[in-house]
Amino acid sequence: MADKKAQLIIEGNAPVELPVLTGTVGPDVIDVRSLTATGRFTFDPGFMSTASCESKITYIDGDKGILLHRGYPIEQLAEQSDYLETCYLLLNGELPSKEEKAQFVSTIKNHTMVHEQLKTFFNGFRRDAHPMAIMCGVVGALSAFYHDSLDINNPQHREVSAMRLVAKMPTIAAMTYKYSMGQPMMYPRNDLNYAENFLHMMFNTPCEIKPISPVLAKAMDKIFILHADHEQNASTSTVRLAGSSGANPFACIAAGIAALWGPAHGGANEAVLAMLDEIGDVSNIDKFIAKAKDKNDPFKLMGFGHRVYKNRDPRATVMKQTCDEVLGELGITNDPQLELAMRLEEIALTDPYFKERNLYPNVDFYSGIILKAIGIPTSMFTVIFALARTVGWISHWKEMLSGPYKIGRPRQLYTGYEQRDLPANRD
Ligand code: SDX
């Protein structure tokens with residue numbers, strides 16, 4: 001990183017020199033770590049202008065709509081790779097050789113089962129509990145089952161925890177769905193690939209084992225790839241922050257699941273379908289566009305906008321293509337929600353309010369339509385997102401712990417009372 005400098009001149013004080021750091025690509029950053037010596041902090045609620053860490057995992061160019069995982073464009077990975085190969089890439093930094101891939105797939109396959117006792121955790125939830133509530137609880141509880149691998153300073157422990165999490169998330173996600181349906185939970189099968197196994201555990205029952213549609217399995221695998229990682233988003237930052245205190249990996253991932261649940265983040269895919277249902281018909285679109293523009297109305301166009309992308313989210317483009325492929329393969333023509341979504345996109349993208357603010361469809365806008373076509377219920381959409389994002393979360397957790405790090409502890413601008421005494425003779 002070149003030794004460029006920035007100067008901060010605070011009235012009446014000597015200029016403060018701050019190093020400017022340059023990455024491989026993307027914006028330079030001003031290293032403000034020495035600023036505390038001036039007795040001042042930076043102030044950046046929502047981290048709109050803050051780089052929280054250095055990372056080599058994912059790069060996003062929001063202006064050009066570029067998303068790279070270890071340098072490879074998301075479009076190429078979605079078309080030419082598969083989810084487990086992408087997991088290997090995110091976790092290890094390079095694509096696996098044939099032998100490394102085979103070994104990785106075998107390791108994952110042999111960690112897909114969960115401890116039989118874990119099933120009892122589900123019984124504490126109502127059958128109609130939101131699946132994300134169950135995911136937060138059950139994934140966090142995994143730390144109670146793996147006392148043999150909770151030393152975060154041990155690289156082998158970090159490695160086996162990463163394998164266990166990538167392997168077990170589909171099993172736990174499917175168990176969450178089966179619990180809500182009152183159906184028996186299905187064991188994973190080692191003769192199926194990752195996406196097939198998930199669909200098997202979701203939709204098969206002990207009474208009937210139907211073959212898994214290769215079209216749906218391929219679409220599921222592509223959806224996993226599109227959700228795998230996304231730089232320092234809210235849930236990944238949550239995982240890093242939890243990890244910085246030395247919390248065990250299962251607790252960190254549970255924290256990430258909780259952060260992802262919000263409708264401004266991973267909960268948006270579920271909210272898009274609810275919004276399309278609320279809009280109901282093309283004739284109502286203008287009313288909802290007006291609501292989205294009304295500052296006094298909390299309504300936002302779900303699946304639109306992004307903190308980083310000020311151009312189309314490249315994942316939304318691939319998702320839309322996949323949507324057309326899956327619906328076409330399934331013979332679903334004129335899907336009313338897809339028609340409505342496409343019309344909504346068309347109208348929104350011609351509206352000055354959206355154009356001025358660079359509000360484009362994001363990864364969540366079309367994903368729900370494909371998930372619904374695959375047969376996934378809306379309440380499970382964010383669970384799918386969490387399942388797929390686990391590899392991104394754990395890759396960032398591993399990256400942080402593999403080098404020097406400090407516990408994350410932001411400061412604040414305090415605007416409360418100055419010191420004051422309690423009133424005397426209080427009764
Ligand atoms: C994900 O960070 C990631 O990488 C996340 C993610 C990942 O892979 O991890 O990509 C996944 O979370 C995608 C985003 C899913 N969320 C939604 O689709 C919910 C709807 N979108 C908005 O809530 C919003 O766009 C955010 C939260 C996504 C981004 O919010 P920002 O960056 O804080 O932007 P903002 O709220 O300051 O918006 C800027 C302006 C505001 O208007 P003004 O105050 O300038 O007049 O745009 C408006 C906002 O009101 N705006 C919207 C809007 N999104 C932003 N107006 C209407 N509808 C919207 N969807």
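**Notebook: two small sheets and a helix pair**

I started with strand 1 and strand 2 (residues 16-21), which run antiparallel and are joined by five bridges. Note to self: this is a predicted model. I looked up one pairing by residue: lysine 4 has valine 20 of strand 2 as its bridge partner.

Then I checked the whole sheet. It is open, has three strands in the order 1-2-3, and the pairing is antiparallel. Strand 1 (4-8) and strand 3 (29-30) are at the edges with a single partner strand each, so one side of each has no neighbour in the sheet.

Next I went to strands 4, 5 and 6. They make an open sheet of three strands, order 4-5-6, with antiparallel pairing. Here I found strand 4 (58-61) and strand 6 (72-73) as the edge strands, each pairing on one side only. Strand 5 (residues 66-69) pairs with strand 6 over two bridges, in the antiparallel sense. I also noted that histidine 69 stands opposite tyrosine 72 of strand 6.

Last stop, the helices. I looked at helix 8 (residues 214-226) against helix 16 (residues 363-374): the packing angle is about 155° and the axes are 11 Å apart. Angles over 145 degrees count as roughly antiparallel, so that is what I wrote down for helix 8 and helix 16. The crossing of helix 8 past helix 16 is left-handed.

Who makes the contact? From helix 8 I listed Leu216, Ala219, Met220, Ile223 and Leu226, and from helix 16 Val363, Ile370, Leu371 and Ile374. I sorted the residues of this contact by type and got nine nonpolar, no polar and no charged.

Notes:
Residues are numbered from 1 along each chain as its sequence is written. This is a predicted model: local features need pLDDT of at least 70, side-chain atom pairs count only at pLDDT 80 or more; totals for chains, interfaces and linings use all residues. Side-chain values use heavy atoms; hydrogens and water are left out. Two strands pair if DSSP finds at least two bridges between them. Helices (H or I, at least four residues) and strands (E, at least two) are DSSP runs, numbered from the N terminus. Axes are lines fitted to C-alpha atoms, for helices over the stretch in contact, and angles run from 0 to 180 degrees between N-to-C directions. Angles under 35 degrees count as roughly parallel, over 145 as roughly antiparallel, 65 to 115 as roughly perpendicular and the rest as oblique. A crossing is left-handed if the near helix is turned anticlockwise from the far one by less than a right angle, and right-handed if clockwise. Contact means heavy atoms within 4.5 Å. Ala, Val, Leu, Ile, Met, Phe, Trp, Tyr, Cys and Pro count as nonpolar, Asp, Glu, Lys and Arg as charged, and the others, Gly among them, as polar.
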